[in-house]
Amino acid sequence: MKHFPIFLAVEGRRIVVSGGGDAALAKLRLLLKTEGRIAVFAASPAPEIVDWAKTGRLSLTTRPLQRGDAICAALFYGANEDATEDARTAAIARATGALVNIVDNLGDSDFITPAIVDRDPVVVAIGTEGAAPVLARAIKADLEGRLSPVLGTLARIGKTFRHKADALPMGAKRRDFWSAFYFKTGPQVVETAGSAGIIPALDALLDHHLAKGDQIGRVDLVGAGPGDPELLTMKARKALDTADVVIYDRLVAPEILELARREATLLDAGKEGFGPSASQTDINAMIVEHAANGAYVVRLKAGDPTVFGRLDEEIEAIEAAGIAWRIIPGITAASAAVAGIGQSLTKRQRNASVRFLTGHDMKGFAEHDWRTLAREGEVAAIYMGKRSARFIQGRLMMHGAGPATPVTVIENASRPDQRVVSTTLSTLSADLDEANLSGPALMLYGLAPRAAMLAASEFQTQDIAL
Ligand code: SAH
């Protein structure tokens with residue numbers, strides 16, 4: 001580091017600028033944000049500078065800087081856009097002990113002015129020692145976008161609340177409180193209620209964090225159901241209402257995430273059943289880390305968490321960390337799908353048992369007891385079966401299943417974009433190819449949509465939108 005960044009106390013101190021053109025204007029715009037006493041020396045100052053002088057924001061002397069003018073200056077800017085004049089005036093300023101900056105002349109400057117992101121009292125200074133101004137500007141633009149415009153207001157008001165927040169134990173708990181305030185609650189409150197809402201919001205947030213107390217966090221493994229928010233259990237609603245952290249799978253519908261407590265941190269576990277997934281180990285670690293920090297974690301899984309949800313791996317990790325947990329069941333896709341076609345999963349005289357199968361597992365296509373399944377009247381709900389439809393079709397036919405056995409594929413069950421493809425075992429893969437489904441789909445083997453459901457549909461084709 002050739003330049004050491006510091007924040008210089010300038011309140012009430014003299015800052016002298018020599019020059020009155022564009023270079024001086026650019027520096028003055030920055031300097032006017034400070035509480036320094038600014039003095040400008042320029043033979044022909046730009047009109048803006050004259051205006052600032054008129055309104056008392058700086059003092060202006062309309063002649064070149066002379067010996068004695070820079071007396072007691074803390075900082076001096078040579079902004080004459082003339083190397084000789086810069087050198088002459090800088091020498092005068094330096095003789096009085098001022099730190100000197102010459103615009104666009106790194107070599108003769110004692111200090112450089114960084115790019116600044118101003119959320120006073122929060123100020124970010126970005127410097128590249130003159131090496132990459134473009135980079136400094138890009139970083140500035142990035143931070144400008146990321147830091148709430150009201151961060152300064154929050155910091156100023158937050159400061160007055162510091163003593164109250166000391167009621168929280170030092171460390172993670174206090175940090176969590178402040179980061180929830182600065183990055184979530186605070187900006188939201190200013191937007192909806194203005195800065196008058198900040199202190200009441202701080203009080204409420206502190207109560208919430210104090211209520212969490214010292215106890216170690218806990219985890220609820222919650223079923224989000226098939227997608228329709230009305231198919232959430234009341235327990236799941238309550239869990240979402242009070243969660244500190246919600247860790248959700250990709251299949252969870254956005255409408256359901258909307259129901260999470262406003263201050264909750266939402267984390268995408270980015271995984272869909274057995275599909276291409278974020279590493280399960282990472283997800284386990286994420287759950288444990290937040291709960292160990294005292295958070296109430298809602299692990300939100302599509303459908304029912306106990307069905308093809310790799311629930312046991314998560315429970316084992318949570319238990320190993322000594323954290324309390326419980327399961328809140330949800331409506332599994334099979335229940336929503338079968339409801340969508342007006343059928344039931346079991347029926348007297350037809351089938352006294354129903355299987356929940358997965359089309360593929362982590363090793364590829366999943367093997368099952370095809371012989372039993374191929375018997376007349378069997379019903380199975382096949383999860384993750386889209387890609388393995390051809391394989392399933394082949395296995396079942398090989399074991400003697402009738403080619404006319406009904407198969408119904410329900411995509412986006414319970415959602416407004418639900419689609420039903422009604423077919424038979426022999427035409428299954430061709431019809432699926434043609435339907436080109438892109439959402440989650442459940443295959444009901446051995447069941448056709450009830451005739452009334454078909455009749456009620458607008459379309460009398462095999463691909464019906466219910
Ligand atoms: N735990 C979930 C299943 C996770 S496995 C449950 O109980 O429903 C993921 C598979 O579930 C998907 O590949 C798809 O087969 C099925 N699925 C989940 N939501 C669905 C929906 N809304 N419609 C149809 N199938 C769905």
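Which polar backbone atom lies 2.7 Å from a nitrogen atom of the ligand? In this model, which I should say at the outset is a predicted one, that atom belongs to V307.

Let me stay with the ligand for a moment, and then turn to the domains. Besides the backbone of V307, a polar backbone atom of A413 lies 2.8 Å from a nitrogen atom of the ligand, and for A302 the corresponding distance, again from a ligand nitrogen to a polar backbone atom, is 2.9 Å. The ligand would expose 540 Å² if it were taken alone, and the protein buries 96% of that area.

As for the surroundings, the ligand has 19 residues around it, of which D304, V307, T332, A413 and A441 come nearest. By character, this shell divides into 13 nonpolar, 4 polar and 2 charged residues.

Where, then, does the ligand sit with respect to the domains? The chain is divided into domain 1, covering 14–113, domain 2, covering 151–211, domain 3, covering 218–331, and domain 4, covering 334–464. Because domain 3 and domain 4 both give residues to the shell, the ligand lies between these two domains.

I would now like to move to the contact between domain 2 and domain 3, whose C-alpha centres lie 27 Å apart. To this contact domain 2 gives 9 residues and domain 3 gives 7 residues. The size of an interface is often given as the accessible area lost when the parts come together. Here domain 2 and domain 3 bury about 610 Å² between them, and 41% of that area is on carbon and sulfur atoms. On the domain 2 side, the residues that lose the most area to domain 3 are K184, Q188 and H208, which together account for 57% of what that side buries.

What is the count of salt bridges between domain 2 and domain 3? That count is 0, whereas the count of residue pairs in polar contact between these two domains, taking pairs with both residues at pLDDT 80 or more, is 4.

To close, I would keep two points in view: the ligand lies between domain 3 and domain 4, and domain 2 meets domain 3 in a contact with 4 residue pairs in polar contact and 0 salt bridges.

Definitions and conventions: Residues numbered from 1 in each chain as written. Predicted model: local features only at pLDDT ≥ 70, side-chain atom pairs only at ≥ 80, totals over all residues. Heavy atoms only, no water. Near = heavy atom within 4 Å. Polar contact = N/O pair within 3.5 Å; in protein donor to acceptor, adjacent residues only side chain to side chain. Areas by Shrake-Rupley, 256 points an atom, 1.4 Å probe, with all protein chains shown as cover. Nonpolar A, V, L, I, M, F, W, Y, C, P; charged D, E, K, R; others polar. Domains from an automatic or database assignment. Contact = heavy atoms within 4.5 Å. Buried area = accessible area lost by both parts, 1.4 Å probe. Salt bridge = Lys/Arg side-chain N within 4 Å of Asp/Glu carboxyl O.
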